[in-house]
Amino acid sequence: MNKLISPNLRYKRNLSIGKDTVFLNNFNIVNPSFNQVDIGEESIIGASIIFESTEGNVSIGNRVYIGDSTIICKSKITFENDILVAWGVTFYDHNSHSLNYKSRQKDIRQVLYDYKYHNGNYLINKDWSDVESRPIVIKNNVWIGMHSFIMKGVTIGEGAIVAAGSVVTKDVPPFTIVAGNPARIVKQIDKYE
């Protein structure tokens, strides 16, 4: 069972926390130096938030539960209100590397150099100029099942459910259930049910 904790003071400069929000013992922010995390009220957060650029921003609304999951952010990931995210879910708002193999070759050399000469910070000089990145938005009242992947540019509509193990690469309409790899609509949900 995860224990509730207070966030480490080292995040204080980059973390805005609403009333009655608590953190599970696996909560972590990686590379928090220039990034911002805003969390609303009455939320329970157990995610590892990994910033891969200095422009990243994660916004989490009110009454959001995020289990032991991973949020990898270059630009922006937004969670609205009343959201349930199971454990083992990954949110990834970019491609990580260029589609051009020559750029990836340079990337590997730069990563090694930066790791050696910048105290393990292998992303300090990463060239993001030809790496695609688009924000992720999770609307109100969404439920995301365990071990799902939510990829760049996706908006999950209000009241939608993502079945466990799904890979979501396209927008999910409101009040639908999606499942599979890639995720497809399997059922409509009655909004008033």
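**Strands, sheet and surface of a predicted chain**

The protein chain has one helix and 21 strands (DSSP runs: helices are H or I of at least four residues, strands are E of at least two, numbered from the N terminus).

Biologist: What kind of model is this, and how are residues numbered?

Modeller: This is a predicted model, where local features need pLDDT of at least 70, side-chain atom pairs count only at pLDDT 80 or more, and totals for chains, interfaces and linings use all residues. Residues are numbered from 1 along each chain as its sequence is written, and side-chain values use heavy atoms, with hydrogens and water left out.

Biologist: Which strands form the open sheet?

Modeller: Six, in the order S4-S7-S10-S13-S16-S19, with parallel pairing. Two strands pair if DSSP finds at least two bridges between them.

Biologist: Which strands stand at the edges?

Modeller: Strand S4 (28–30) and strand S19 (167–168); each has a single partner strand, so one side of each is left without a neighbour in the sheet.

Biologist: And how many bridges join S7 and S10?

Modeller: Four, between residues 48–51 of S7 and residues 70–73 of S10. Ser48 stands opposite Thr70 there.

Biologist: Changing topic, how much of the chain is buried?

Modeller: Buried residues make up 41% of the 193, where buried means under 20% relative accessible area (1.4 Å probe, protein chains only).

Biologist: What share of contacts joins residues at least 24 apart?

Modeller: 20% of the contacts between residues at least 6 apart in sequence, a contact being heavy atoms within 4.5 Å.

Biologist: What does the C-alpha trace span?

Modeller: About 55 × 40 × 25 Å along its principal axes.

Terms used
Buried < 20%, exposed > 50% of the residue type's maximum accessible area, 1.4 Å probe, protein only.
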